[in-house]
Each structure stands twice: as structure tokens, then as C-alpha cells.
Amino acid sequence: MYKIFLLICFPILVFSQKRIEGTIINIGQEKLPQVAVEVYDSQNKLIKTLITDGHGNFVLEGITGDSAKLIVNDLEYARLEKVFNPEKQDVPLILILKKETQDIQAVTLTKQKPLVKRKIDRLEFNVENSNITSLNVWEILKKTPGVTANNDVLGIKGSTSILVTINDKKVMLTGDELKNFLENIQGEELKSVEVITNPPAKYEASGNAILNIVMKKNTIEGYRGIFSSKYIQTQYAKGAVGVSQYYKKNKLSVMGSYNLARGTYYREGTDHVYYVEDQTRWVSTMNRKDRNKGQNTLNFNAEYEADSLTNISLNYSGYFSPKSYGIYNVPTLIYNAQNIAESDYTTINDHHSRSINNTLSFQADRKINEKSRLTWTGYFASNNLMRYQNVLTYLNFINQSPEINNFINQNKNNVQLYSTQADYQWKNDQWQLESGSKYSFVKTRNQLDFSDNNNGELQYRPDKSNTFNYKEHNFALYTSLAYNPGKWNFKAGLRAEKTDLEGVVSEPYEVNKDSYWKLFPTLYIQYSTSNNHQFGLSYGKRISRPSYSSLNPAKSYYNLFSYYQGDPKLKAAIIHNFNFTYTWKEWNFDLYYNKEINPSMEISLQEPSTNSLIYHYTNIEKGQTFGLSLYKNLKIKPWWNISLSENFEYAENYFIGVDNVLYKNKVWNWFSDVSVVFILDKSSDWKLETGHRYYSPSIQGTFSISGSSSTYLVMNKKFFNKKLEASLLFNDIFRTSREKISTKYANQDNFFMDYRDTQSFTVSLKFNFGNQSVKNTKTIKKVEEQGRM
């Protein structure tokens, strides 16, 4: 009987369960997908958690009683609570999320974004409003999850073949020049850093990964400015001053900054070379001190909203280092088989250099209709570098008369890059299409003039001088399609690039030409569960073209027995990247594998016949890396935060040795960065951070690099209604960042002890003036075109 009763009542019970629909939007009327909604009953007990679909919609079913509560606690918006009566709720629920912003006399407080955010195709490290904005951009990059700066060389997940961009524009600097440039950009100007291990089809295919530095946009109406100064004490003193100014009025927004740094830079090391043929050991002590009279960094950006559909912007950045100079006194002792110093020579290297880098870009953005837009970008960059050195050598070899040798060389490098790109974008609630084309042209000129003493007089040596000219045309087409139905997120793209290149060497005369088409597919899949678990899988094919300086075959001598040489026949490396990611409650895991075919890098070669040590840029056979990275930000107390960044990997490099044998260099590697932040006084933003970085031994081609570590402490505090900010930084407190870079196989046996003067004490002051609070920007009147959308 009870079965018949249930059968009769079941339809009534089913249809009595009320179905309530809801939508989450922001104040701009944008529907917000992938937002978690917590549902509580009248006893404040969590019933379930829902996730909005691709249209920002959610559905409540099975909710009974006369009272229930919804809580939306999204990290990008202010917390929202909504109490309602399920029995009387006859219309859809509309939940509007707002940014939590308030005006305070000298600073704008905005609800802080998560420090690390995983997107389908990148990891976003949000620097804005964090404790580390008191650091410069170089130091911030070293703290970015997934990024290493071992031996001052940036790397991402085991590879140093990365492309550095600022607001998606390529930076035409490498090595120490890039480091100096980024050190002179204040962290205050930085919004975020994007680590793009598998760049989408929109980006050029060059480089294993992209490190994109996103600068702030001016959102404050009126005029404001920042004046900053910095004193740095390492082995020698350095100083820096800078000013940044912002202006925004109606349709126009302008930003300009200038930073000047000067001081003395120091680096110490010892070079050991063992020649098995004659059983000698050559030991050189190199303590290098360089004075720089001025490193000038300029940035200018102007944006103009011509109407509600059209936005144009102009950006310029420049780096000028008019003179860096020094005199190195390098003694070398030569030990025999009995470990007795039987010969020696001393090198005195008097040198100076000049560097000029300019970047100019123009962008126009036009909204075609409600769903599509078109963007055109024009870009020009140039890098001009001049190095001059006068090298005097006092020779005192056994069984030979003492001798003095002198040579002079001057190296001029000029690189110019022209680029134009058109991008089209169409999107609706679930689909997004991107497509475009790009053309770029690069030309370089490298000229080396060499003179040495012949019969007591300096004479020009055409056989040791060289001119190298290089041209490269690159044309690309790309398209990508993304689909976001709700919990799932898909994206796929294809980029085709045609490259034509020509390199001309003067001595000996040689012409190298090549032309090729390459296809670069990308694929991304992401899945988010209702309880905030997120899984991602991606694949990308890349190409790593050699830097322009590494193609130059001219021999750049350090002394009589050592020089650097590039290779005009360098091949472009092909790279395959695979990533599996998992994210939950700010736990970020990344399991990765990458394989490089013919990667190019600097290696060392000994020539026993001339007792020369050559640093040669060349291709090796292949390299592969697999590893696991972890990042977590732990909030122990409201005033106590801990950040963990750990990376474990296994790396292999295969290379053909001087004896034509295939060698494998391999290592298990661990990188760790742990930092602790204490908020000592919230009202004055008084914060203290201490941290420790550890690098276990690593490899690069023929090189094995020893482990190193560094401990730092930084403290910030604001005064005078937060208009003045002071910070102290102690870096490499225990002086533990020294490294040993060694090569040992066949008859190759050499190593170099290197310390880059990283132990430092820095005092920084920053003063904010002008308007520092947000005002409501006037709404731009809709034009006729927008009215027809």
C-alpha cells in the first residue's frame, strides 16, 4: 500500500522542489563565468557550492525553507552576501559584484587580487599593491614563480631560451644590459608579470617561453607624481634617483618616467685551466671593477580615446649608458706537473663601453561592433653598442725572454628591428576567435677593428678584424579559437612563420642564406570543478632563433689566450613543451616536460696547441627537461604570510665533444624560494619580509654549475599620510651566492669561480605628490557608430 502511496505522491514531491535561476554580473554589466557561489541554509550551514557557467548563470534546486543565504567571495571583487526567501523568490536572482575601492588621502586601496592566478595559457603574478613593489623589476622577476636567475641568467622551467617583453613588446637587450635596464625600472610602475610557458598563436614563436612585464595604466584623474631615490652599498657605492609623472583628463592619459643610476660595479673570480697534454695548470685571478657615470632609463606612454570606439596609444622607452669604464689587472700563474709556479703573465685591460637602446611603438584599437575589434601595432627598436679595449700583457715564461705585447680592438654593434602587426578579435559569451598577421625585418651590423704591436708599433690587422652584416625577414599568420561552455575551457591555435635570412662575413668572406616555413600549433584544455579544483593540459611547439650577437664570428679577445666567438651558421632550435597544471585554493602545481633540438648556448673549449680558452656560442645536439613546480601563498594570520616556490627537475644536455664523441650532461635540480611577510602596522603599511633562495647544482651544455643560495630581508614603512615611503633591503646577507662553473670531459678540464658582488644594503625613499585618490572619470559620450551596435 505504501508503495502505491509513494508512486502517487512522487510527482507532487518532485514538482514542489522550486527551481531558482540566477546570474552574476559586474557593474559594467559583464556576465562573470567560473565564479563560485556558496549556498547556506537558515542555520548558516553550507549546503552546496555552485559554479557559474560561461554566461554567468547558476541554478538553485532543492532549496527549502523561508530563508537562505548566498555568499560570493571572489578574489577579484568585494565579498557579496544575499539573503532571500526561497519560497517567495519568483524572479531570477541578479547578483552584482563590485570592486572594493575607497579613497584615502594619499593612496588608493583596492581589494587585492590573488598574488598568483592561473589562466588557461599563462601564470599571472600580480605585483600591484603587494609588498615587493619597493624592489626594482629585476628583483621582482627573480621572485616570480617559475622564474630563476641563476648566474644572472633568466630561466623558466629549465630553459634559458626565453623572450622578455614589456606590454607584449620585445626588449632588444640581453645579458648584463637587460639586467641593468630592468634594475632601473621601479616596481611601483609594475602591474604584473606573466609567465607564458606555452605562448598562444598570437605571440611570435621565438623563444622557449615568454616573460611578459605588464606596466600599470594610469587610472587616477588629474595629476600625480612620484619622486624616488636609492642608495646601494655593495663592495662600492651606487646611487639612483627617479621621477614618474602621471596625468589623466577626460580622453587623454599621459605617463612619463626618468631614472638615473650611477656607481661602481665589482665582480671577482678565479679562472682555472688544466692542460693534460703538458701537465700545466693556468690560474688567473680576475677582480673586475667598472665605473658607470650614468645609466639613464626613460619611459613615456600616451593614450587618447578618440571616441568610444577608438583608442590610440604611443609608447617610447630608452636606455642610455654613455660611458662605463675600468682597468682590470689580471695576474696569471702557470704551474707545472710538480705544482710549482714556473711561468706567469699579467694582463692589464683598459676598456670602456657605450650603450644606447630605443624602442618606439604606436597602436590603434578600433571596436567594430559589440563582439569584435581590430588592432594595429607598429614597432621600431634599435640597439647600439660600442666596446673599446686596450690590452697590455707582460709575459714571463720559463726558458723565454720577458716580453710585452699590446693589442687594441673596437667592436661596434648596431641592431634595428621594424615590425607591423594587425590583430582581429571576435568573442561572445562562450567563443573567442583571434586572428592576425605580422611582418618584421631585422638588420644588424657588427664591425670589429683589431690592431696589435708589430715591431714595436701598433698596426691594423685585417686578418683579425671583421665585418658581419645580417638581415632577417619574418612573415607570420596565426589564428586561434577558444571555447568556454562553463566548467570546461578549450583553446587551440596555429601559427605559420616564413623566415628569410642572410648573413655576410667579411673575413674570411662567406655568405649564409636560408629560407623556411614552420608551423607552430598550440593546444590548451582546462577544467574547473564546483569545489574550486582546476586542471589544465597544454602543448606548444616553439622555435629559438639565435641572438644576433651570437651569430657574429669575429674573435673578441679578453687577453692573449682567451676570446669569445659566435657562429654565423647557428641553427634555430625547435622546442616542444608539455604542461599539466593543477590548482586548488592557491596551491599551484605544474608538471612539465620540454625537449629542445639543436639548442644554442655558450660553451668553453681548450686548445692545447696554443694554450687558449675559447668561449664559443654553438649548437649542441639536444636537451630535455622534466620537472614539477609548486607555488603556495599561506596566510597564517592576518599579519603573517608565507610564500613557497619550489621546483624539482631532471635535465639532460647532449653535446658532441672536441673528440667527436657524444656526451650526456645530466643533473637532478632543486630550486627553492621561501619568504615570510609580517605586517607590523597596518595603518602605516609597515611590513617586513625575509626570505631564502636556494639553487642546487645545474647544467648548461658542457658546463656544470655548482649550487648557491641567498638570504634577504626587506622592510617598508609609510609616513606623513602615506605620502612618503621608506624601505631597507639587505641582500645576500651571508654572501653565499658564489658559483663554480666547470667543464670536464676528454681533455677538457677548466672551471671558473664567480661572485657578482650581490651582498648589498639598500636604502630607498619614495615621495608621492599631486592627486593620489581616485575620482569618477567622466563618461565619454557615445558616438553615432556605437549607437548603431
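Here, buried means under 20% relative accessible area, with exposed over 50% and partly exposed in between (1.4 Å probe, protein chains only). Strands are DSSP runs of E, at least two residues, numbered from the N terminus. By that yardstick, nine of the twelve residues of strand 31 (residues 533-544) are buried, so this strand is largely enclosed by the rest of the structure.

This is a predicted model, where local features need pLDDT of at least 70, side-chain atom pairs count only at pLDDT 80 or more, and totals for chains, interfaces and linings use all residues. Residues are numbered from 1 along each chain as its sequence is written, and side-chain values use heavy atoms, leaving out hydrogens and water.

Now for the neighbours of strand 31. Two strands count as paired if DSSP finds at least two bridges between them.

| Partner of strand 31 | Sense | Bridges | Residues facing each other |
|---|---|---|---|
| Strand 30 (residues 509-528) | antiparallel | seven | T522 and G540 |
| Strand 34 (residues 573-584) | antiparallel | twelve | H576 and K541 |

Strand 30 and strand 31 also make a hairpin with four residues between them, and N532 in the turn has a positive phi of about 70 degrees.

Strands 30, 31 and 34 turn up again around the largest cavity, each supplying at least two lining residues, as do strand 10 (116-119) and strand 11 (122-126). Domain 2 (116-215) and domain 3 (222-770) both contribute to that lining, so the largest cavity lies between them; the domain bounds come from an automatic or database domain assignment.
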